[in-house]
Amino acid sequence: MKRRIVKSCISTLCIHGWYVPLFLLMLGVKICLLSLIADSIKHYHATTSGKYDRANGNENAIIKPQKHKRVPTSTSPPENVVAEIPDNLMDLDISPSAKNRTSSTSIWLIYNSVPQCLEETSVELMETLSVQNRFSHQEHEYQTPWPRFLLEQEQESLVSWFQYQHLPRSYNRHFYYINFTKFQKYAKQKPIYVNIVRDPIDRLVLNYYSRRNMSSPLTKEEIERRNSVAPGSGTEWYHRTFEECVLQADPECRYTAGEKSFTLMIPFFCGQHNSCVAINDRWALQMAKLNIEREYSVVGVLEKMDQTLSVLAKFVPRFFHGAAQVYSKLVKKVEPQHKVSSDVRQVMESELYNEMELYRFILSRLSAQHENG
Ligand SMILES: *[C@@H]1O[C@H](CO)[C@@H](O)[C@H](O)[C@H]1NC(C)=O
Ligand SMILES: *[C@@H]1O[C@H](CO)[C@@H](O)[C@H](O)[C@H]1NC(C)=O
Ligand SMILES: *[C@@H]1O[C@H](CO)[C@@H](O)[C@H](O)[C@H]1NC(C)=O
């Protein structure tokens, strides 16, 4: 009996003994992988902790547009082919299409959310979907302000952080579009880009009142700062309505062509170029249209949420299958209502003509995708 057990033990070891070196090898590989992951987390923290001064962009962080020689004949290159900026970009008539831009192999999804577009709800949607669609959602920590323009090195870190993600993962943060092709040596794949916008004037109204929020320490600081310069002016600033601000042509509500603004939606699609934040800049508008048409799978619209959810589910099923059902059950954030007369709206629409044009472009692309998807 005893001998038989010993014998079977020996034979087990003989047959299965090869496990031992293999096991040690795997252990080594595992340790190696763990240190790589630790490295990538370090990378990630480097990219997620930005200083406040760059929340509004810093000259050094801005990459100048580059000149390119080759002229592609169409705005729709096949997958994995480098999409260059056409030389005739300024004259190009970029029309929205229903083309499917979702890469069939990509397991990364980027939602570079535009603020004041109910993004908290969209993030909740993704977190809920991540369970049933089996991916993980990486939310940027919202505690500190962070730059929308990223230093070239930070872009590189973010791209290489994705390189360490071997399982489907979505990522959300307010930042201007990053061209992954530029950092091809760090990440071979391109992510799936999505976004959700809303009527540009409604957005600006919400943005205006979010700066006048007594629960926020920034508002109190601003009132005190103004009061210390001219007594009473801070309080006046706080109580002024958006309409008054527009009609009095106060600098806070003026959008002068060529000046910089970090609150508009165009830069989120235009990208990491200096000209992207220039108000009503034609190059920025064209770049934003080009990136939406070529690089974004879906850009949804809050006013067309049913269409948005259906298009997301059809064009990016890997992440958004079942989105409409989940969304209908979410508790939506109640937004404060601020009335804006049609006169004031008209003033703003004619001042921000590029924002309006991009918004209409996004609306017609979404409806084309809805009809053909
Ligand atoms: C992205 O980067 C690639 C490689 O540097 C470049 O050829 C292309 O023009 C860039 N595309 C955009 C839209 O900036
Ligand atoms: C778009 O492409 C993705 C990835 O290949 C695919 O899963 C999806 O079904 C496509 N959607 C449409 C409407 O063609
Ligand atoms: C006001 O600020 C508080 C605290 O920062 C925040 O939770 C709340 O959502 C803000 N409200 C609006 C309308 O922006």
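Helix α6, which covers residues 217-229, offers a simple check of geometry in this predicted model: because each residue should add 1.5 Å, its 13 residues are expected to span 18 Å, and the 19 Å that separates its end C-alpha atoms agrees with that expectation. The helix is also hardly covered, since the count of buried residues among its 13 residues is zero.

Around this helix stands a protein chain with 15 helices and five strands, in which 32% of the 373 residues count as buried. If one takes the contacts with a separation of 6 or more, 74% of them are accounted for by residues 24 or more positions apart.

The interior can be followed through its nonpolar cores. The largest nonpolar core holds 61 residues, and the members that touch the most other members are Val 194, Val 197, Ile 266, Cys 270, Ala 288, Leu 312 and Ile 362. To this core helix α10, residues 282-295, gives the most, with six residues. Apart from it lies another core, of 10 residues, which includes Leu 204, Val 246, Cys 253 and Met 348. Returning to Val 194, and leaving aside its neighbours within four places in sequence, one finds this residue in contact with Leu 109, Tyr 111, Tyr 296, Ser 297, Val 298, Leu 312 and Val 316.

A different kind of setting is found at Pro 86, which is placed in the loop between α2 (residues 19-48) and β1 (residues 108-111). Pro 86 has 19 C-beta neighbours inside 10 Å and therefore counts as partly exposed, given that 20 or more would be needed for a residue to be buried. Pro 86 and Met 287 are 201 residues apart in sequence, yet their C-alpha atoms are 9.9 Å apart in space.

The surroundings of two ligands complete the picture. Ligand 2 is surrounded by Asn 100, Thr 102, Ser 104, Lys 314, Phe 315, Pro 317 and Gly 373, and the residues of this shell divide into two nonpolar, four polar and one charged. Ligand 3, for its part, is surrounded by Ser 210, Asn 213, Ser 215, Ser 216 and Pro 336, a shell with one nonpolar residue, four polar residues and no charged ones.

Definitions and conventions:
Residues are numbered from 1 along each chain as its sequence is written. Chains are lettered from A and ligands numbered from 1 in the order in which they are written. This is a predicted model: local features need pLDDT of at least 70, side-chain atom pairs count only at pLDDT 80 or more; totals for chains, interfaces and linings use all residues. Helices (H or I, at least four residues) and strands (E, at least two) are DSSP runs, numbered from the N terminus. A residue is buried if 20 or more other C-beta atoms lie within 10 Å of its own, exposed if 12 or fewer, and partly exposed in between; C-beta atoms are placed from the backbone. The expected span of a helix is 1.5 Å times one less than its number of residues. A residue is near a molecule or strand if its C-beta atom, placed from the backbone, lies within 6 Å of it. Ala, Val, Leu, Ile, Met, Phe, Trp, Tyr, Cys and Pro count as nonpolar, Asp, Glu, Lys and Arg as charged, and the others, Gly among them, as polar. A nonpolar core is a set of buried Ala, Val, Leu, Ile, Met, Phe, Trp, Tyr and Cys residues joined through C-beta atoms within 7 Å. Two residues are in contact if their C-beta atoms, placed from the backbone, lie within 7 Å.
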